[in-house]
Amino acid sequence: MKYIVKIVVVLIAGVAMVSCAEKGKPNYQYMPNMYEPVGYETYGNYEVFPGQMEAMLPAEGSIPRGWQPYEYDNTNEGRDLAKAELKNPLPVTQANLDNGKKMYDIYCALCHGGQGAGQGILVKNEKILGIPSYADPGRVINDGGIYHVQMYGLNSMGSYASQTNEEERWQITMHVMNLKAALEGTPALEIVPEPEIAEGHHEEESGAEDHGNDDHDTQEDH
Ligand code: HEC
């Protein structure tokens, strides 16, 4: 009998506590310092910060790690200047060419075709028009131009700057130059032997390695 009374009392108390809770509002915090952060919240508003916002813009002129500034503008003049000045900094090694072909087949072949004649799968299926051949005599297709259009895109061609890193873009450029030579019947780029320097050094010297430097940095951080 005693037990039944106890059980009933507990039940009533339980129902009473649950029934009045207002669901639209946060419940009681029993130990607030377990919930309220001591540090600043990333997007919190605090008076101490300029603009009263914890998350601030990076200082002007700062660049992300592993990213290299690209100084040619996204304009016709910028493209002409890149065509006139920019040269592929990578040596023509088999490894660079192989990776260039691999990346090209992933990102470019669907429009430009595996041979670069402008006959990609999307063209054959009539999904896109106006893809030029790399041997188009009306265009100046060279190192700088190929790199530039990968950075910014050109009309219905999109930018590849976020999908590829600097080294990959130059490897793709190398492969495109070879495709162009094959289409025009001129000799392919002359392959030089792999430089015989340790990996890390080679990457620093070429200055065109994004991923490598990233790895390097993370290791130093630990
Ligand atoms: C969605 C289809 C598409 C893809 C994918 C594409 N392109 Fe293009 N590309 C075009 C079109 C369209 C043009 C012609 C743009 C124009 O002149 O209006 C073009 C033009 C070019 C040109 C000539 C630029 C010049 O100066 O005349 C080059 C070089 C080129 N693309 C390289 C690439 C490379 C390298 C990739 C892969 C990273 C790529 N394209 C991926 C559609 C594509």
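Trainee: How do the residues of the shell around the ligand divide into nonpolar, polar and charged?

Mentor: One sorts each residue of such a shell by the character of its side chain. In this predicted model, the shell around the ligand holds 15 nonpolar residues, 6 polar ones and 1 charged one.

Trainee: How many residues surround the ligand, and which are the closest?

Mentor: The ligand is surrounded by 22 residues. Cys108, Cys111, Arg139, Asn155 and Met157 are the closest.

Trainee: Which helices each supply at least two residues of that shell?

Mentor: Three helices should be located in the structure. They are α4, spanning residues 109-112, α6, spanning 143-152, and α7. The greatest contribution to the shell comes from α6, which gives 4 residues.

Trainee: Before we examine those helices, what does the secondary structure of the chain come to?

Mentor: The chain has 9 helices and 0 strands. Read from the N terminus, its elements therefore follow the order α-α-α-α-α-α-α-α-α. As for burial, 19% of the 222 residues in the chain are buried.

Trainee: Let us turn to α7. How far does this helix reach from its first C-alpha to its last?

Mentor: The reach of a helix may be compared with the span expected from its number of residues. Helix α7 covers residues 166-184, which is 19 residues, and reaches 27 Å. That is close to the 27 Å expected at 1.5 Å a residue.

Trainee: Why is α7 described as largely enclosed by the rest of the structure?

Mentor: The description rests on burial: 15 of its 19 residues are buried, so α7 is largely enclosed by the rest of the structure. Leu179 is a residue of this helix. It counts as buried because 25 C-beta neighbours lie inside 10 Å, and the cut-off for a buried residue is 20 or more.

Trainee: How far apart are Leu179 and Ala117 in sequence and in space?

Mentor: The two separations should be read side by side. Leu179 and Ala117 are 62 residues apart in sequence, while their C-alpha atoms lie 8.5 Å apart in space.

Trainee: What phi does the residue just after α7 take?

Mentor: That residue is Gly185, and its phi is positive, at about 75°.

Trainee: How are two packed helices described?

Mentor: The description uses the angle between their axes together with the distance between the axes. For α6 and α7, the axes come within 9 Å and cross at roughly 130°. These two helices are therefore oblique to each other, and their crossing is right-handed.

Trainee: How do the axes of α2 and α6 cross?

Mentor: Helix α2 comprises residues 76-85, and its axis comes within 6 Å of that of α6, with a crossing at roughly 140°. That angle makes α2 oblique to α6. The crossing of α2 and α6 is right-handed.

Trainee: Is Val149 buried or exposed?

Mentor: Val149, which belongs to helix α6, is buried, with 20 other C-beta atoms within 10 Å. Its C-alpha atom is separated by 7.0 Å from that of Ser159, and the two residues are 10 apart along the chain.

Trainee: What separates the C-alpha atoms of Leu110 and Gly120?

Mentor: Leu110 and Gly120 are 10 residues apart along the chain, and their C-alpha atoms are separated by 4.6 Å. Leu110 lies in helix α4. It is partly exposed, having 17 other C-beta atoms within 10 Å.

Trainee: Which residues have a positive phi although they are not glycines?

Mentor: Gln52 is one of them, with a positive phi of about 60°. It is placed in the loop between α1, residues 2-19, and α2. Glu126 also has a positive phi of about 60° and is not a glycine. Its place is the loop between α5, residues 121-124, and α6.

Trainee: Are these two loop residues buried or exposed?

Mentor: The same count of C-beta atoms applies, with 12 or fewer as the cut-off for an exposed residue. Gln52 is exposed, with 10 other C-beta atoms within 10 Å. Glu126 likewise counts as exposed, with 7 C-beta neighbours inside 10 Å.

Methods
Residues are numbered from 1 along each chain as its sequence is written. This is a predicted model: local features need pLDDT of at least 70, side-chain atom pairs count only at pLDDT 80 or more; totals for chains, interfaces and linings use all residues. The expected span of a helix is 1.5 Å times one less than its number of residues. A residue is near a molecule or strand if its C-beta atom, placed from the backbone, lies within 6 Å of it. Ala, Val, Leu, Ile, Met, Phe, Trp, Tyr, Cys and Pro count as nonpolar, Asp, Glu, Lys and Arg as charged, and the others, Gly among them, as polar. Axes are lines fitted to C-alpha atoms, for helices over the stretch in contact, and angles run from 0 to 180 degrees between N-to-C directions. Angles under 35 degrees count as roughly parallel, over 145 as roughly antiparallel, 65 to 115 as roughly perpendicular and the rest as oblique. A crossing is left-handed if the near helix is turned anticlockwise from the far one by less than a right angle, and right-handed if clockwise.
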